[in-house]
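Visitor: Please show me the model, and then I will ask about its rings, one of its helices and one of its lysines.

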Amino acid sequence: MTTLAENRYFLGMAALLNSIVKHGTYFDHIVVGYRGNLPSWLTPLKESKYGKAYAINEQLSIELIAMDGSLHMVHEKPKWFHHLCHELYPEADEYFFFDADIVVMNRMSFFGEWVQHGVALCEDINYYMALNHPIRLHWKKAAAAKGIAVKNQLYRYYNSGFLGWKQEHKAFLGDWEKCFAVLAEYSGDMTKFRTLDRTYPVLSTNQDSLNLATMITSVPMSAIGPEAMSFQHGLNLMVHPLGLKPWDKKFLLDFFKGYPPRATDFIFWQNVNGQVFAPFSEWTVRWKVFTCKILRFFARFYERLDM
């Protein structure tokens, strides 16, 4: 399993890995690709083959490996996955990626069952993209200009925050790399998360190229709807906060502007301290959890009316 972290996203990494261990770890090794300085609250690390590591228990170890690259971290995903699968750990049977702001809410063994059916994908919050959507048609035309044919007729748009694949399905990563190269020509400044809007051929290079890869691949895929990341009610599997991240939110100020804490904020603070990491004092965590609870209660009687 792997994730990527830098700067304050190490806090999200803490909540993610704590939540994974809490729900019965399915895999045996976690690889964190990181940039910049490591936070001071990390458990003391030992030198490993590729970076720094320590064992959580007899069944699970964590390894932190420094990354290169100057793109925004989200756009480094295809290159990182290639490095992970072909250079670092090419012998692994299964691979899973979670964005460092996700919190897992259910048994980890489900992910192992899911990936047996093909590359595991989650639909985005804006999950419907018609077969004849002009943006999808632009991707198809751009791919054709590079000699890449579309094989799959899809109506869904997938989120790049989670991905799972087996050893025999690694060819999908090659498809993603090819599509990333195609759409990079239309992307704008990739040192930023986004520079353009959805009226342009590329909104987010990493995510749009993932979706183009699903259109050209011959690898089997298995997808769950937007409920997988709690964008809609249903499957209680993961939560994936949109917009400002929970660790950066000013709950009282936001509340008086009419924006109460989200469920994703509450869940983050419930998980940020745990068996693996504890970046905050217990007092800080208890105060944040209490603040989320009380403000979400008062939000029943106080809400913003947008005109």
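Visitor: How many aromatic pairs does the structure hold?
Guide: This is a predicted model, in which local features need pLDDT of at least 70, side-chain atom pairs count only at pLDDT 80 or more, and totals for chains, interfaces and linings use all residues. Residues are numbered from 1 along each chain as its sequence is written, and side-chain values use heavy atoms, with hydrogens and water left out. Rings of Phe, Tyr and Trp (its six-membered ring) pair if their centres lie within 6.5 Å; planes under 30 degrees apart count as stacked, over 60 as edge-to-face and the rest as tilted. The number of aromatic pairs in the structure is 27.

Visitor: What kind of aromatic pair do Trp-41 and Phe-277 form?
Guide: A pair of aromatic rings is described by the distance of the centres and the angle of the planes. For Trp-41 and Phe-277 the centres are 5.6 Å apart and the planes meet at 75°, and the pair is edge-to-face.

Visitor: How many residues apart in sequence are the parts that this pair ties together?
Guide: Helices (H or I, at least four residues) and strands (E, at least two) are DSSP runs, numbered from the N terminus. Trp-41 sits in the loop between β2 (29-35) and β3 (46-47), while Phe-277 sits in the loop between α8 (263-271) and α9 (282-298). The parts tied together are therefore separated in sequence by 236 residues.

Visitor: Is Trp-269 buried or exposed?
Guide: Buried means under 20% relative accessible area, exposed over 50%, and partly exposed in between (1.4 Å probe, protein chains only). The relative accessible area of Trp-269 is 2%, so Trp-269 is buried.

Visitor: Which residues do ring pairs link into a cluster with Trp-269?
Guide: Trp-269 and Phe-280 have ring centres 4.9 Å apart and planes at 55°, so their pair is tilted. Phe-280 is partly exposed, at 23% relative accessible area. Ring pairs link Trp-269 into a cluster with Tyr-9, Trp-247, Phe-268 and Phe-280.

Visitor: How many of the residues of α6 are buried?
Guide: Helix α6 covers residues 205-216. What covers its buried residues includes α2 (77-88), β8 (119-128) and α4 (134-145). The helix is mostly covered, and the buried residues number 12 of 12.

Visitor: Which residues does Lys-166 touch, not counting those up to four places away in sequence?
Guide: Lys-166 is in strand β9, and its relative accessibility of 14% counts as buried. Contact means heavy atoms within 4.5 Å. With residues up to four places away in sequence not counted, Lys-166 touches Asp-93, Glu-94, Val-115 and Gln-116.

Terms used:
Expected span 1.5 Å × (residues − 1).
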